[in-house]
Amino acid sequence: MNTGSDGIEGGPGEVAVVEEPDTDAAGADRSKAAETHGEQGLGSRAPAFVKRRRALHLSWQVGVFVIGLAVVAAGIVMLPLPGPGWVVIFGGMAIWATEFVWAQLVLRWTKRKVTEAAQRALDPKVRRRNITLTVIGLVIVGVLAGIYLHEFGFEMPWNIENQ
């Protein structure tokens, strides 16, 4: 909180910040609970010496944003081209998440959705359906391959002349 007085710690351009504990309605400390569940609190993960100076912290954030943007752009380019596009895009989001709360929230939402999808995929009914569809697809591919071999023998399509 900016008190507006120049005489308390720091110079005229610095802001004093008081961190209040993150508590829920029952008064429990949510930040401690989040850390025990493997989640870190939201906010910047810049080193303390960077956070102390506003200009340095702003430069840090710009650098993180530019690097994250370059990685995300590379991932977008890799979507139609060969390469792990989505992995690189989420890597860029992870870079942004080291500094920006919105990226942290997007990554948490994505992680939650992926976990839910994995749980649905492990459902016995869904697994049976997926196995059945895979077997049907393999049978169709096998039948088509058999028809091709019966018709043309073991000959590559580009070597087949008018028969």
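Helices in this briefing are DSSP runs of H or I with at least four residues, numbered from the N terminus, and by that convention V139 has its place in helix α6, residues 124-152. The model is a predicted one, and its chain contains six helices and zero strands, so that, under the same DSSP convention, the order of elements from the N terminus on reads α-α-α-α-α-α. Of the 163 residues of the chain, 13% count as buried, while the accessible surface comes to about 13000 Å², with 65% of that area belonging to carbon and sulfur atoms. Among contacts between residues at least 6 apart in sequence, 38% join residues that are at least 24 apart.

**Nonpolar core**

- The largest nonpolar core is made up of seven residues, namely V64, V72, M93, W96, A97, F100 and A103, and both α3 and α4 (85-97) supply at least two residues each to this core.
- Helix α4 gives the most to this core, with three residues.
- As a general background to such a grouping, nonpolar side chains in soluble globular proteins tend to be buried together.

**Helix α4 and its packing**

- The 13 residues of α4 should span 18 Å at 1.5 Å a residue, and the end C-alpha atoms of the helix are indeed 18 Å apart, which agrees with that expectation.
- The buried residues of α4 are G85, V88, I89, G92, M93, W96 and A97, and these buried residues pack against α3 and α5 (101-121).
- A97, which is listed both among the buried residues of α4 and in the largest nonpolar core, is in contact with R45, A103, Q104 and L107 once its neighbours within four places in sequence are left aside.

**H57 in helix α3**

- H57 is found in helix α3, which covers residues 54-78, and with a relative accessibility of 18% H57 counts as buried, because the cut-off for that class is under 20% relative accessible area.
- Not counting residues up to four places away in sequence, H57 touches S44, A46, V50, K51 and E99.
- One of these contacts, S44, lies 13 residues from H57 along the chain, and the C-alpha atoms of the two residues are separated by 9.5 Å.

**Salt bridge in helix α5**

- The count of salt bridges comes to one, and the side chains of K113 and E116 meet in a salt bridge with an N to O distance of 3.7 Å.
- K113 and E116 are three residues apart in helix α5, and therefore they are separated by about one helical turn.
- Both partners fall into the partly exposed class, K113 at a relative accessibility of 37% and E116 with a relative accessible area of 34%.

**Helix α6 and the nonpolar surface patch**

- Helix α6 has 29 residues and reaches 42 Å from its first C-alpha to its last, which is close to the 42 Å expected at 1.5 Å a residue.
- A nonpolar surface patch of about 850 Å² is made by I131, L133, V135, I136, V139, I140, V143, L144 and I147, and V139, one of these residues, is placed in α6.
- Just after α6, the residue G153 takes a positive phi of about 75°.

Terms used. Residues are numbered from 1 along each chain as its sequence is written. This is a predicted model: local features need pLDDT of at least 70, side-chain atom pairs count only at pLDDT 80 or more; totals for chains, interfaces and linings use all residues. Side-chain values use heavy atoms; hydrogens and water are left out. Buried means under 20% relative accessible area, exposed over 50%, partly exposed in between (1.4 Å probe, protein chains only). Contact means heavy atoms within 4.5 Å. Accessible areas come from the Shrake-Rupley method with a 1.4 Å probe; for residues, only the protein chains shown count as cover. A nonpolar core is a set of buried Ala, Val, Leu, Ile, Met, Phe, Trp, Tyr and Cys residues joined through side-chain atoms within 4.5 Å. The expected span of a helix is 1.5 Å times one less than its number of residues. Patches are made of residues with over 30% relative accessible area and no salt bridge: like charges are joined within 9 Å, nonpolar side chains (Val, Leu, Ile, Met, Phe, Trp, Tyr) within 5 Å. A salt bridge is a side-chain nitrogen of Lys or Arg within 4 Å of a carboxyl oxygen of Asp or Glu.
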